[in-house]
Amino acid sequence: KELDSLHTGLKNAANDTVKMVALNNLASYYAESNRDSAMHFNEAAISIAKKLNQPLWIANFLLLKSYLLQKQANFSLSLKLCNEALAIVQDEKNEKNAYILKVSEFASEPRKYRIRIIISVYHQLGNTWNGAGNKDKAIEYFKKEIQVAEELNSLGGHVTSNMNIGSIYAGMGKLDSAFIYSTRALQYSTLTGYEDYTGKILENIGTIFLKK
């Protein structure tokens, strides 16, 4: 039913802005289940975002494209797209006239909304470096993600970043550090209600105790 609704939303889009949002929703929906479809809708969304001159939306679409390519082990292009997105969101002028959905965090504060996307960029850089096997670089970017989230007083970015750092440290045999970050991830999961990864976090903590 959700997928039917998303396709209907695209078909009935009244203008390009609504169409861009509908394409974003479809690309996000397919990101884990059908990456070819996700890439198709994401590319279409990028074209419309460029037409509408919405750089912050372009940055988000570049990040999703980076994620899809990272899952295909195309790490060099994934990193390139992340850096393109980072350049966009670090430029203050790109927050002007930004179309922001009312349900977005910091919807009424364009500056904070722009900086919030930096959290997502650092997260994807961490994912990509982790996939490429550079664990130190991955930890560096996940920690940057946490730092920006704390400076912005944003709850977003804390769950998966702490979880990933904990998981990496566990794999490196640094069990005390792994435990600290994994338990933080669990706390933020409870605090924010973002429980998609709670099972994984608990598994990570169990693995740490097993190794101890």
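**Exercise 1.** In this predicted model, classify Glu105 by its relative accessible area, and describe the salt bridge that Glu105 forms.

*Solution.* Start with the accessibility: Glu105 has a relative accessible area of 33%. Buried means under 20% and exposed means over 50%, so Glu105 is partly exposed. Next, the partner: Glu105 forms a salt bridge with Arg116, and the closest N and O atoms are 2.9 Å apart. Finally, the location: Glu105 sits in the loop between helix H5 (75-89) and H6, while Arg116 belongs to helix H6, and the two are eleven residues apart. The pair thus links distant parts of the chain.

**Exercise 2.** Describe the salt bridge between Lys51 and Asp16, and state which parts it ties together.

*Solution.* The side chains of Lys51 and Asp16 meet at 2.8 Å, N to O. A salt bridge requires these atoms within 4 Å, so the pair qualifies. Lys51 lies in helix H3 (residues 35-51) and Asp16 in helix H2, so the contact ties together parts that are 35 residues apart in sequence. As for accessibility, Lys51 counts as exposed at 63%, whereas Asp16, at 25%, counts as partly exposed. By the salt-bridge rule, the count comes to eleven.

**Exercise 3.** Give the accessibility class of Glu109 and of Lys112, and the distance between their closest N and O atoms.

*Solution.* Glu109 has a relative accessible area of 34% and is partly exposed. Lys112 is partly exposed at 29%. The two residues form a salt bridge, with the closest N and O atoms 3.6 Å apart.

**Exercise 4.** Characterise the largest pocket by its volume, its lining by class, and the helix that gives the most to that lining.

*Solution.* The volume is about 1500 Å³. The lining comprises 37 residues, and Leu64, Arg116, Ser120, His123 and Tyr194 are the closest to the pocket centre. Arg116 is also the salt-bridge partner of Glu105. By class, 15 lining residues are nonpolar, 17 polar and five charged. Helices H2 (16-30), H4 (55-71), H6 (110-132), H7 (135-152) and H8 (158-171) each supply at least two lining residues. H6 gives the most, with ten residues.

**Exercise 5.** Do the same for the second largest pocket: volume, lining by class, and the element that gives the most.

*Solution.* About 150 Å³ of space lies in this pocket. Residues lining the second largest pocket include Asn130, Lys135, Met163, Tyr197 and Lys200. H8 and helix H10 (198-211) are the elements giving two or more residues to this lining, and H8 gives the most, with five. The classes are three nonpolar, five polar and two charged residues.

Methods: Residues numbered from 1 in each chain as written. Predicted model: local features only at pLDDT ≥ 70, side-chain atom pairs only at ≥ 80, totals over all residues. Heavy atoms only, no water. 1 Å grid on protein atoms, 1.4 Å probe; cavity = no way out; pocket = protein on both sides within 12 Å on 5 of 7 lines; lining within 4 Å. Points joined across faces, edges and corners; volume = space filled by probe spheres on them. Helix = DSSP H or I, 4+ residues; strand = E, 2+ residues; numbered from the N terminus. Nonpolar A, V, L, I, M, F, W, Y, C, P; charged D, E, K, R; others polar. Buried < 20%, exposed > 50% of the residue type's maximum accessible area, 1.4 Å probe, protein only.
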